[in-house]
Each structure stands twice: as C-alpha cells, then as structure tokens.
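Work through the exercises below with the model open. Each task is followed by a stepwise solution.

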Amino acid sequence: MVGDRWTLLIVRELLILGRARFRDLQAGLPGLAPNLLTQRLRDLEGEGVLRRERDTPRSDYILTERGRALEGVVRELLKWGAPTVRDAPADAIFQMHWLSMPAAHLLRDSQPERGVGCVRFGDPADGFDVLVGDGVVRVGPCDGGRTPDAVVKGPGAALVGLIQGALPLERAAAAGVAIEGDVEALRRILPAG
C-alpha cells in the first residue's frame, strides 16, 4: 500500500501540512503528474490512510489515525537519507518546508530560561516556524502574524547539516546559509555540534 512511488511523499506532505488541498500537494511534490496524484490520493483514501473533507468550501485531504501512524516510518526514512543530502546536485529541487519534520526531532531549547522565541526557516510561502520556550520546541507552519526573532534561509545541504548539528553555524554561513535578525535565537535551538 505505501510502497508505490510518491505514496510516502504524499503522506510526508500531509504530516507536515496537517491538511492540504490538491494544489498544495502538487506544489510540495514537484514532478508528480496531476493524474498520478489523483490516483494515489484515491488509493490512500480507499485504504483508510487519508480522508477527503468536503464539508468546507474547499476540499482538504487529511491523514486518518492510520495515516498519522506512518510518521515514525517517514521519520526513520528521513534519518536514513539525510547523510546523502550533502551529495545532492547543486540544481536538485529543495523546498524549505521539507526540513520541518527533521527539525521537530533534532532542534532543542538549550536556554529555557531565555523565555519564548521564534526562528523562521524560509518564509510563509515555503517555510516553517520553530517556537521555543521553557525547554520545549514546537515546529509548525509559518504564522504570518508573528514576527520571528531570526529568519534562516539557504541551500538545502547546508541547512540539513546545520539542523543535524553536523555543520557548525560559521561553516553553514560560509556555505550560503543567511540569518536575518538575532543569531543567538538560532544558536539556542541548534543541536550541540
């Protein structure tokens, strides 16, 4: 059921977004033909992995409990594949929101006494916010109403290394990672390298 091409990537998108329209899924899965996406969504709905909510003016896809149970599988595949990101071609497709799942499991609050903070990776069109406070890190979609303490952008390989703790901040900056705002807000959440 989940071994077909694109299936786990659709699940990953829904784990990240929570709920998504067809066009949201298309945007997050470049290269997936609309007819194949339609078929995969039908198959996943038929298997009870997702449901289509039609109660609102827009039709959203949402993972069922059975679909959300795949999070551990997706997370382990992300961990398994992460070391290969550094070898990706420079023109490889990268979307910032793809890093939100690894970020949720790798970033930590090293300064809980500092109060609440927010670091944005990317922007509201393609990114995520890391909210930190009292020793807890929460990752979610960008909140346009929130002003982050720092905004982080850059190439995928360098950002993966930074989030993993494999690439120190100074080397990540040399590799193209740009930080606007409070650099210490970013240091606070990075794993010890």
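Accessible areas come from the Shrake-Rupley method with a 1.4 Å probe; for residues, only the protein chains shown count as cover. The model is predicted: local features need pLDDT of at least 70, side-chain atom pairs count only at pLDDT 80 or more, and totals for chains, interfaces and linings use all residues. Residues are numbered from 1 along each chain as its sequence is written, and side-chain values use heavy atoms, without hydrogens and water.

**Exercise 1.** Describe the surface and the burial of the protein.

Step 1. The protein exposes about 10,300 Å². Carbon and sulfur atoms supply 52% of that area.
Step 2. Of the 193 residues, 41% are buried (under 20% relative accessible area, 1.4 Å probe, protein chains only).

**Exercise 2.** Trace the open sheet and its neighbour.

Step 1. Take helices (H or I, at least four residues) and strands (E, at least two) as DSSP runs, numbered from the N terminus. The protein has nine helices and eight strands.
Step 2. Strands pair if DSSP finds at least two bridges between them. Three strands give an open, antiparallel sheet in the order E1-E3-E2.
Step 3. E1 (19–20) and E2 (50–53) are the edge strands, each pairing on one side only.
Step 4. E1 and E3 (residues 60–63) pair over two bridges. Arg19 stands opposite Ile62 in E3.
Step 5. Helix H3 (residues 34–46) packs on the sheet and touches E2 and E3. Contact means heavy atoms within 4.5 Å.

**Exercise 3.** Find how far apart in sequence the contacts reach.

Solution. Among contacts between residues at least 6 apart in sequence, 60% join residues at least 24 apart.

Technical notes
Axes are lines fitted to C-alpha atoms, for helices over the stretch in contact, and angles run from 0 to 180 degrees between N-to-C directions. Buried means under 20% relative accessible area, exposed over 50%, partly exposed in between (1.4 Å probe, protein chains only).
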